[in-house]
Amino acid sequence: GSAIAASPFKWSWDTSLTTNTTHTIYAKAYDSAGNSQASTPISIGVDNTPVAGSTWADHMGMNIWFTKANIDRVKTMGLKWVRISWETPWDATYIQNSSGGLEKLTDNVAYAHSKGIKVLQSCQKTPHSYASTDINSFASYCASWVDKGVDAIEIGNEWNHAPFWGVWPNGNYTLQAQISDATSTAIRAKSTTIPIMNSGWS
C-alpha cells in the first residue's frame, strides 16, 4: 500500500477484493533521515468462497457475559455466534453467573457448541505491564484458546484498558504493535487456520 505519513498509522484491507490464497504482509517504517525497518512478515489466508446455504443469521452474534444462561438466550434469539465479553479478566479460568456460582470458561465453550453456537474469544484485557515477560505471557494465554476450542480470536483493542489509558508512553504505537505481533505469532504457532480478528488495527 501507499505510505502513511500521519497518525493514526493504520491500514484497511478489503479482503473481498483479494485473490483466494495465502498473502504475506508486513509494515515498513521510515525515519526523517530515510532509514527504514520492516516488521516480521505474517501470512494471512484469504478465502472469499461463499458458504453454501449460509444466511446473515449464520454470521450474526452478540457480546455476552459468558455464562450458560446467556448462551441459552443467544440460542433463543436465533444467533450463531457469541463473543466472550472483554470484561472477563484475561487470565480467568472461571466466570461468575447471576446466582453467584462459578462456571468454567472451557466448559461453556463446549456448551455453546452443543447449542450450535460458535465462540469468539476477545483477548482485549491487557498484559500486566509493558515488560516483554508480561507481553509474552498475555500472548501465550490468548493462543491457549486455540486448545480450548474457540472458533475465532479477536486481538488489537488492548489500549482500551489500563495500563493503556491516557497518554501513550511513546508516539508511534510501538508497544501496541509488539503486543499484537506477539499475540498473533503465538496464535499462529498453535493454528494456521483459526480466524484472527485484529479489530484495533483494521
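Here are legends for a few close-up views of this predicted model.

**View 1. Two rings meet in helix α3****.** This is the structure's one aromatic pair. The ring centres of Tyr 141 and Trp 145 are 6.2 Å apart and their planes sit at 85°, so we call the pair edge-to-face. Both residues belong to helix α3 (residues 132-147), four residues apart, which is about one turn of the helix. Tyr 141 and Trp 145 are both buried.

**View 2. Lysines over rings****.** Lys 148 has its charged end over the ring of Trp 145, 4.6 Å from the centre. Lys 68 lies over the face of Tyr 111, and here the distance to the ring centre is 5.8 Å.

**View 3. A salt bridge between two strands****.** Side chains of opposite charge can pair when their charged atoms come close. Arg 83 and Glu 154 make one of the three salt bridges found in the whole structure, at 2.6 Å from N to O. Arg 83 is in strand β6 and Glu 154 in strand β10, 71 residues apart. Arg 83 is buried at 18% relative accessible area, and Glu 154 is buried too, at 5%.

**View 4. A salt bridge between two helices****.** Lys 190 meets Asp 147 at 2.5 Å, N to O. The pair links distant parts of the chain, with Lys 190 in helix α4 and Asp 147 in helix α3. Lys 190 is partly exposed (44%), while Asp 147 is exposed (55%).

**View 5. A nonpolar patch on the surface****.** Ile 4, Phe 9 and Trp 11 make up this patch, with about 280 Å² of accessible area together. Ile 4 comes in the segment before β1 and is partly exposed, at 39%.

How values were computed. Residues numbered from 1 in each chain as written. Predicted model: local features only at pLDDT ≥ 70, side-chain atom pairs only at ≥ 80, totals over all residues. Heavy atoms only, no water. Phe/Tyr/Trp six-rings, centres within 6.5 Å; stacked < 30°, edge-to-face > 60°. Buried < 20%, exposed > 50% of the residue type's maximum accessible area, 1.4 Å probe, protein only. Lys NZ or Arg CZ within 6 Å of the ring centre and 35° of its normal. Patch = residues over 30% accessible without salt bridge, like charges linked within 9 Å, V, L, I, M, F, W, Y side chains within 5 Å. Areas by Shrake-Rupley, 256 points an atom, 1.4 Å probe, with all protein chains shown as cover. Salt bridge = Lys/Arg side-chain N within 4 Å of Asp/Glu carboxyl O.
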